[in-house]
Amino acid sequence: MQTLPTLAIAPAQVVRGSALIPDLFNLLQRSRLISDPTSPVFLITGTHSGAALGQFLSVDQPQITPKISWAEPITECSSQNLANLQQQAQAQNAQIIIGAGGGKVLDAAKLVAANLGLPVVTIPTSAATCAAWTALSNVYSDLGAFDHDVSLARCPDLLLVDYDLIATAPSRTLASGIGDAIAKWYEASVSSGSSDRTMVIGAVQQARVLRDILLQKSVAALEQPGSPVWREVVDACICLAGVIGGLGGAECRTVAAHAVHNGLTHLPECHLWHGEKVAFGILVQLRLEEMQGNQLAATARQQLLKFYDQIGLPQSLQALGLGDISLNQLTKAAEIACAPGSDLHRLPFRVSEEQLLAAMVSTTAVLVK
């Protein structure tokens, strides 16, 4: 009997709305994640996300004040930070892990909880990634260079999308999330190949729908924070993007766009956010496909260049802050992106470091018909 891979499709529970954080502990009890109001809760945040959460989270809620321990804020989901967080959680006898922050904070919380066999709650403080949804954690160096990813057995036990909290994040975080989310179509449509599996087909079609939603609604969402269309785009970046990887599994994962991101994280000069690097990586992937004679990829790249201009995503090395970088430095990023085992090799053709470098420097090339 053939056994198909086990899919971790979605969080066990997803709650979306306003004023969720002030009611956090009631939500935990109603979700049966804590039964005793004094259950030790271990909260992982970042510096900025912790401050944002603190504006909404009151420890003086009547009769429902669990024993909550705040971890030292982190900026990276690194091996050292993970070890420290795990040690802190064990010292506090934590019964549940809560991660509140951006992608690296949420990835750290998921991985610590998995290592300790504890339930985990994710609370995104922006819509910059779909990390709050997925059964995956990316691990970086202490300086922010991508190291490896870890597949988890399940998605979070509870995901809370509090629009009031997310609305406090800079608009740039949503633009970054749009860049990360729209990559689902350009990568999943390639990595899925000609799969005839129903779940994979469904995931790829969801990726197409996600792309169309973002192309149609992102400009209005960024112009109208807190509006219904803004909420739709927030949901698209956090939830729908997560569904695609859950449904499609390994066949609908990252390709060249994320491989380029991974390489760029090894360049200290590139300080942009995850989704901004991924957005640039999409242009590089399409340029690689175009160099193979794919005119549809060329048209798609031109469409994205106009879209990026509208919402403020980087279109070139100059926009990444790498206009003055040396060829040797850029080669380092290309080497990492092309390393054995890289997701770049999910492309249906071979790519050399020289070809990748050429694509990286020519993302804004004019389409010649």
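**Notebook: cysteines, a hairpin, a helix and two loops**

I looked up disulfides in this predicted model and counted 0 of them. The criterion I applied was a pair of cysteine sulfur atoms within 2.5 Å.

I then took Cys130, which is in no disulfide. For Cys130 the nearest cysteine sulfur belongs to Cys237, at 9.1 Å. I next checked Cys155, which is also in no disulfide; its nearest cysteine sulfur is that of Cys130, 10.0 Å away.

Are these two cysteines buried or exposed? I took buried to mean under 20% relative accessible area. Cys130 has 8% relative accessibility and therefore counts as buried. Cys155, with a relative accessible area of 6%, is buried as well.

**Entry on the hairpin**

I turned to strand β6, which covers residues 136-140. Of its 5 residues, 4 are buried, and I noted the strand as mostly covered. I asked in which sense β6 pairs with strand β7, residues 146-151. The pairing is antiparallel and runs over 5 bridges. For one residue I recorded the bridge partner: Asn138 is matched with Asp149 in β7.

I also examined the connection. β6 and β7 form a hairpin, with 5 residues between them. In the turn, I found that Gly144 has a positive phi of about 95°.

**Entry on helix α6**

I followed helix α6 from residue 171 to residue 191, a run of 21 residues. From its first C-alpha to its last I read 31 Å, close to the 30 Å expected at 1.5 Å a residue. I next asked where α6 has a kink. The kink is centred on Trp185 and amounts to about 25°.

Why do I describe α6 as largely enclosed by the rest of the structure? I do so because 18 of its 21 residues are buried. Just after α6, I noted Gly193, which takes a positive phi of about 60°.

**Entry on two loop residues**

I looked up residues other than glycine with a positive phi, and I record two here, Ala19 and Arg32.

Ala19 has a phi near 55°. I located Ala19 in the loop between β1 (14-17) and α1 (24-30). Its relative accessibility is 45%, so I entered Ala19 as partly exposed.

Arg32 has a phi near 65°. I placed Arg32 in the loop between α1 and β2 (40-45). With a relative accessible area of 78%, Arg32 is exposed, since the exposed class begins over 50%.

How values were computed: Residues numbered from 1 in each chain as written. Predicted model: local features only at pLDDT ≥ 70, side-chain atom pairs only at ≥ 80, totals over all residues. Heavy atoms only, no water. Buried < 20%, exposed > 50% of the residue type's maximum accessible area, 1.4 Å probe, protein only. Helix = DSSP H or I, 4+ residues; strand = E, 2+ residues; numbered from the N terminus. Pairing = 2+ DSSP bridges. Expected span 1.5 Å × (residues − 1). Bend = angle between axes of the 7 residues up to and from the residue.
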